[in-house]
Amino acid sequence: MSVLLDVKDITKSFKLKGHWYHKRKFNALAPISFAIEAKKTLAIVGETGSGKSTLAKILVGAEKPTSGKIYLNGQLLQNQRFKERCQHIRMIFQDSGTTLNPSLTIQELLDEPLTLNTDLDEKQRRQLIRTTLQKVGLLGDHMNFYPHMFSGGQKQRISLARAIILQPQVIILDEALAALDPSLRSQMINLLLDLQQQMGLAYILISHNLGIVRHFSDDVMVMSHGEVVESGKTLEVMRNPQHKVTQKLMMSQNFQIK
Amino acid sequence: MNLLDIRNLSIELDTPNGRVLAVDRVSLSIKEGEVRGLVGESGSGKSLLAQAIIGVLEDKWHVHADRFHWRGIDLLRLTIDERRALLCRDIAMIFQEPMSCLDPTTLIGEQLSEAIDSKQLSGYFWQRKKQRKEAVIKLLHKVGIKKHSQCISSYPHQLTEAICQRVMIAIALAGRPILLIADEPTATMESTNQGQIYRLLANLNQLKNMSILLISHDLENLTHWTSTITVMYSGQFVEAGTTEQIFNKPMHPYTRALVDSSTKANLQLPTKSRLMTLPGSIPILQHLPIGCRLGPRCPRAQQTCVSAPKVSNFHGHKVSCHFPILHESPRKESKKHKAVKHKTVKGNN
């Protein structure tokens with residue numbers, strides 16, 4: 001299989017307040033490289049402050065990396081060209097309740113990315129919204145509803161619909177499953193796995209829950225203080241954790257794989 | 001002896017469209033020195049139940065119970081003041097978000113010393129201040145905060161969430177409670193910190209023989225720390241039993257689905273296979289189904305499920321379902337079945 005997303009030596013450092021002659025820098029990310037194929041899932045685990053979310057923001061284009069390059073299908077992604085990037089890499093956030101605009105209906109919410117990025121006319125857009133809503137397990141008529149009329153699980157499905165409506169290749173799930181109730185969470189996992197098979201999506205999953213990571217991902221990357229301390233096939237890493245950080249994470253969740 | 005014994009507790013809410021039964025006849029009992037888990041998804045009424053126990057619900061909620069005993073004392077017969085005095089001496093509660101529950105304008109040390117009852121201090125009035133300070137430091141050490149002087153002189157926003165939660169536990173411990181109610185103590189916390197908080201609670205339970213009611217929405221996180229578990233769904237009692245019974249031999253279809261959908265319990269499943277799950281989502285308070293509220297989502301539902309099931313007891317494993325999943329050997333079951341048939345035949349004759 002060919003490599004879909006190839007990340008090479010991404011770094012990020014923030015300038016801190018300091019004296020003229022003592023300019024201080026905080027390195028949020030050490031050089032990080034990885035690659036994902038289509039239909040595969042990469043999980044990123046680590047404690048808070050380990051740079052997971054910074055990495056996600058850089059991939060989606062919300063932040064500029066200090067150095068390093070990102071290739072999608074062999075093509076270099078420029079930092080400034082959001083139009084190209086937002087069609088291929090989309091993101092779902094942790095709290096779907098606060099990421100949907102409460103004053104817009106679902107149709108208007110989903111219409112926005114389409115009007116900005118595609119040349120479809122109104123009728124085609126409406127049809128696309130209808131089919132996308134059906135794809136994530138909602139009804140087409142739901143598009144006239146406002147976000148507050150949905151439950152938490154349904155809101156998360158709407159965020160997913162907003163992510164897949166542009167036919168992306170990579171979706172970043174930043175703790176997207178953490179805030180859901182257990183039964184809704186497993187529904188969502190099933191849905192995500194189905195969509196991965198249908199559309200050939202690659203996922204980047206950022207999560208604390210090692211149970212989900214084991215079930216959902218092919219590869220795993222353990223981060224600590226902006227560095228990748230361990231990476232490899234999920235099952236191999238979990239069967240035989242080498243680094244202290246990985247061992248500590250697995251201990252704290254009483255997690256063992258024979 | 002049962003510390004807390006609640007039978008058929010109902011909580012009703014006044015709405016413009018009449019009264020809504022938010023919690024429908026839930027029973028809960030806690031023995032001395034026990035860690036009981038209370039599990040339910042959001043909207044299942046577990047926090048309401050906890051608030052009803054310590055009596056901090058607003059006036060719009062109406063609480064009824066067939067039995068509501070605390071160490072043999074009938075709480076329903078006491079006046080509000082008597083009840084409050086009794087409960088605030090014996091029960092303490094810690095809340096979900098420690099950051100928002102602590103006073104942001106007051107130093108941690110002041111908040112802690114406020115919680116210490118002056119009856120606990122012995123000595124003359126000029127010794128009191130020093131004693132109080134010593135008691136605060138002792139409490140902080142008890143919950144595992146070593147840098148006490150730094151902690152005492154800081155505001156809540158200067159501390160991390162895990163330390164704030166420890167301070168909350170310290171405040172709860174100041175009254176030397178017999179029962180500690182922990183309402184999702186580790187929500188929005190990292191897994192390493194979660195483990196620390198649970199370990200602290202387990203230590204307190206073993207060293208001080210303090211009973212704990214641990215409330216959580218996630219069954220898989222609780223199983224390691226509890227001895228008995230009660231499961232609720234949408235305000236109704238579902239199942240209660242020891243942790244092994246609930247986790248290994250769930251009888252109610254809902255508990256079964258919870259256990260099956262947990263990724264941690266099903267490590268033998270191949271990766272990326274479909275997880276077991278119930279269709280649909282939790283009903284909202286305005287549109288509750290009649291009878292068993294799981295009915296529309298339940299794979300075993302039949303016509304009788306439109307009436308609420310009674311609680312049946314299988315050797316201490318209580319389940320509220322018309323068609324529980326029985327794990328007995330098939331031979332025994334058929335025997336039972338035959339016996340019932342025999343009786344009915346006799347009756348007809």
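What does the pLDDT of chain B average, and what share of the residues score at least 70?

1. **Confidence in chain B.** This is a predicted model. Chain B averages a pLDDT of 82. A score of at least 70 is reached by 93% of the residues.

2. **The weak stretch.** Residues 329-349 of chain B need a caveat: pLDDT stays under 50 there. For this stretch the model has two contacts beyond four places in sequence.

3. **Global scores.** The model has an ipTM of 0.75. Its pTM is 0.79.

4. **The interface.** On the chain B side, 26 residues are in contact with chain A, where the partners number 25 residues. Three helices of chain B each supply at least two residues of the side that touches chain A: H8 (191-208), H9 (219-222) and H11 (253-261). By character, the residues on this side of chain B are 12 polar, seven nonpolar and seven charged.

5. **Chain A, make-up.** Chain A holds 10 helices and 10 strands. Of its 258 residues, 40% count as buried.

6. **Chain A, overall dimensions.** The C-alpha trace of chain A spans about 55 × 50 × 40 Å along its principal axes. Its radius of gyration is 19 Å. A compact globule of 258 residues would have a value near 18 Å, so chain A agrees with that expectation.

7. **Chain A, contact pattern.** Take the contacts in chain A with a separation of 6 or more. Residues 24 or more positions apart account for 66% of them.

Terms used
Residues numbered from 1 in each chain as written. Chains lettered and ligands numbered in written order. Predicted model: local features only at pLDDT ≥ 70, side-chain atom pairs only at ≥ 80, totals over all residues. Contact = placed C-beta atoms within 7 Å. Helix = DSSP H or I, 4+ residues; strand = E, 2+ residues; numbered from the N terminus. Nonpolar A, V, L, I, M, F, W, Y, C, P; charged D, E, K, R; others polar. pLDDT = per-residue confidence, 0-100. Rg over C-alpha atoms; globule rule 2.2 N^0.38 Å. Buried ≥ 20, exposed ≤ 12 C-beta atoms within 10 Å, placed from the backbone.
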